[in-house]
Each structure stands twice: as structure tokens, then as C-alpha cells.
Amino acid sequence: MSTLDEVDLFSSGPHGLQVGAWPRERVRRGFAGLDGELVLDLGVRSRLLSHTGRLQAAAAAELDILISEIEAFADGQLHTLEDNRGRSFPRVLIEEFTTAGPIRCGRGFWCDYTIRFRQLP
Amino acid sequence: MERYLGISSVAFGQTPLPLPLSVRVTRQVQLEPAAGDADLYATSVQLTRPTIAAEVRIRDTAAPEGMSLGQKADLSFTIAPAQSGAPGRRVTLSGAVLVAVELAYEQSSLATATLRFVCESQDGQTDPFAAEEAQ
């Protein structure tokens, strides 16, 4: 079960986390008539984590609460994300939280969602 | 438990569909299974909104020839009881939209028509399918 700052936001439905690589920023310089190039390493930059899942509730109002609880964490502050396998990702902030289309009704109410986290090194 | 044998009548709006062979009503949803990245099996099986469809097979081809796809009316049929004296059943599918007509002309056999319908709910809340005891 994933948590954000140890708050259970996602357990109403299945979810998973795709972890991006840590990018290194660099500047490349070449010189006319000279073979090779100069590469200046600027260090590690932030990486993206893509959290996808499904929110489910018995009533539409309950689903609205689940959504607003996640939205409350999109505050520009750094949080700690823990994934289904217990891996911890400190210093993450929510860049974007989107639901895939309108709330749907079948066995209860549900919607699929994606959260894009940015983790700072 | 009531048992039914035979179709007494079928009508699409004001148009009777004579010589019915069969009426098939299907209530169906699409599955939307999902699982988390640590799951071996689906842990959530959600459903789309159900659609109610009907397929009517009749031995008459004249009535279907005059119908156009997209036509919308109530589809109703009455089924006769298996035992004499028992009540029949009247089924109404409101807001049935005609989506397919298939005419089959066969050698040494009576021509048949198959009409397919999908129902629209009036307000999104009301079940288009209704069944009651036939009077």
C-alpha cells in the first residue's frame, strides 16, 4: 500500500509507481577543426515519478473526498512517498494530479488517475 | 415459478412484428479490470454502465423493409405461459433504437428478418427494461 507522508490516500483501489531515472545535466562544447568535445557535468537534477491507479468509493461524495485529499497534497511542499513495495521516495512534490475522464459509475463510483511527482535529489 | 412457452406478439412502437421466432434480451457491461504493480491478479473489476440490447427474429420481411436504422420506439412483446390459466408476461424495452436489420432469404425456407435494438434510458436513471404480468 502506498502512502504519502504516511497518509493512506490510495488504498481504495489498485495503483502502481513508475520511477524515472535520475538525469544528469551537462553542457557539451565543440570547437571548429578539433576532434572530440568538451562535456561539462552540471550534476544530478530532479526526476519524475508517475503514480497511476484507481480511486473507488461506494458513493460519489466519498470519491470526491478521496480526490480532494490528494489535491490537498499538491501544495508545492516536499513530501515522502512510499510505494507498494515499501520503497521510500523522500523530497517529492506533486506536480500534477489528473483523473482520466469523468467519474464513472459501475460497481460503485470510480475513476482512474495519474499523479506526476517530481523528486528532488 | 412461471414458465413460458411461445411469443404471443412483438411490436416496435405502433408497428407489429409478425410471426416471431425468438426475442433475445441482453443486459451487458464492459469490464475494466485493474491491478497494482505488486499484484499478480486483478484487484479491481469495475464495470461500465450497462447497455440493454434486444434481438428479434421474425419470419416476416415486409415490416422490417419499411423500417429505418436509428428509429426509436418502445419494443414490447408478450410471452405466453406454459400452463393454461397461468398469466403471461409482458416485457417492454423503452427507448429501443433500431441499430441493425438483417434479412435472410434462403432456398426452400421462409425468409427471416433479424432486428437488433439498443435501449436508451429516458433520464439515465430509469431502467429501460420492464416486465409485468400480461393482462
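Which residue of β4(A) is the bridge partner of Val27(A)? In the predicted model described here, that partner is Leu40(A), and the pair belongs to a ladder in which β3(A) and strand β4 (residues 38-44) of chain A run antiparallel and are joined by six bridges. Strand β3 itself covers residues 24-29 of chain A, and because the number of buried residues among its six is zero, the strand lies largely in the open.

Further along chain A, strand β6 (residues 79-82) and strand β7 (residues 88-99) pair in the antiparallel sense over three bridges, with Glu82(A) standing opposite Ser88(A) of β7(A). Five residues lie between the two strands of this hairpin, and in the hairpin Gly86(A) takes a positive phi near 85°. Strand β7(A) also pairs with strand β9 (residues 108-119) of chain A, again in the antiparallel sense and here over seven bridges, and within this pairing the bridge partner of Val92(A) in β9(A) is Gln119(A).

Gln119(A) appears again in the surroundings of Phe89(A), a residue found in strand β7 of chain A. Although Phe89(A) and Gln119(A) are 30 residues apart in sequence, their C-alpha atoms are 7.4 Å apart in space. When residues up to four places away in sequence are not counted, Phe89(A) touches Leu49(A), Thr80(A), Leu81(A) and Gln119(A). Phe89(A) nevertheless counts as partly exposed, because it has 19 C-beta neighbours inside 10 Å, whereas 20 or more are required for a residue to be called buried.

Two residues with a backbone angle of particular interest lie in the loop between β1 and β2 of chain A, namely Asp5(A) and Glu6(A). Most residues other than glycine have a negative phi. Asp5(A), however, has a positive phi of about 50° although it is not a glycine, and Glu6(A), likewise not a glycine, has a positive phi of about 65°. With regard to their surroundings, Asp5(A) counts as partly exposed because it has 13 C-beta neighbours inside 10 Å, while Glu6(A), with 8 such neighbours, counts as exposed.

Chain A also meets chain B, and the contacts between them involve 13 residues of chain A and 13 residues of chain B. On the side of chain A that touches chain B, the elements giving two or more residues are β2 (15-19), β5 (47-57) and β8 (104-106) of chain A, and the largest share, three residues, comes from β2(A). By residue type, this side of chain A divides into four nonpolar, six polar and three charged residues.

Chain B contains one helix and 10 strands, which follow one another along the sequence in the pattern β-β-β-β-β-β-α-β-β-β-β. The radius of gyration of this chain is 18 Å, well over the 14 Å that the globule rule gives for 135 residues, and chain B is therefore more spread out than a compact globule. Taken along the principal axes, the C-alpha atoms of chain B fill a box of roughly 60 × 40 × 35 Å. Of the 135 residues of chain B, 18% count as buried. Among the contacts in chain B between residues at least 6 apart in sequence, 63% join residues at least 24 apart.

In soluble globular proteins, nonpolar side chains tend to be buried together. The largest nonpolar core in the model has 17 residues, of which Ala54(B), Val56(B), Leu75(B), Leu93(B), Ala96(B) and Phe117(B) touch the most other members. Two or more residues are given to this core by each of β1 (4-12), β6 (51-58), β7 (72-81), β8 (89-104) and β9 (112-119) of chain B. Leu75(B) touches Phe12(B), Ala54(B), Leu93(B), Ala96(B) and Phe117(B), residues up to four places away in sequence not being counted. A second, separate core consists of 15 residues, including Leu4(A), Leu9(A), Leu81(A) and Ile115(A).

Phe12(B), one of the residues touched by Leu75(B), is found in strand β1 of chain B. Phe12(B) is buried because 24 other C-beta atoms lie within 10 Å. Apart from residues up to four places away in sequence, Phe12(B) touches Leu17(B), Ala73(B), Leu75(B) and Ala96(B). By contrast, Arg59(B), 47 residues from Phe12(B) in sequence, is 15 Å from Phe12(B) in space, C-alpha to C-alpha.

Terms used:
Residues are numbered from 1 along each chain as its sequence is written. Chains are lettered from A and ligands numbered from 1 in the order in which they are written. This is a predicted model: local features need pLDDT of at least 70, side-chain atom pairs count only at pLDDT 80 or more; totals for chains, interfaces and linings use all residues. Two strands pair if DSSP finds at least two bridges between them. Helices (H or I, at least four residues) and strands (E, at least two) are DSSP runs, numbered from the N terminus. Two residues are in contact if their C-beta atoms, placed from the backbone, lie within 7 Å. Ala, Val, Leu, Ile, Met, Phe, Trp, Tyr, Cys and Pro count as nonpolar, Asp, Glu, Lys and Arg as charged, and the others, Gly among them, as polar. A residue is buried if 20 or more other C-beta atoms lie within 10 Å of its own, exposed if 12 or fewer, and partly exposed in between; C-beta atoms are placed from the backbone. The radius of gyration is taken over C-alpha atoms; the globule rule is 2.2 Å times the number of residues to the power 0.38. A nonpolar core is a set of buried Ala, Val, Leu, Ile, Met, Phe, Trp, Tyr and Cys residues joined through C-beta atoms within 7 Å.
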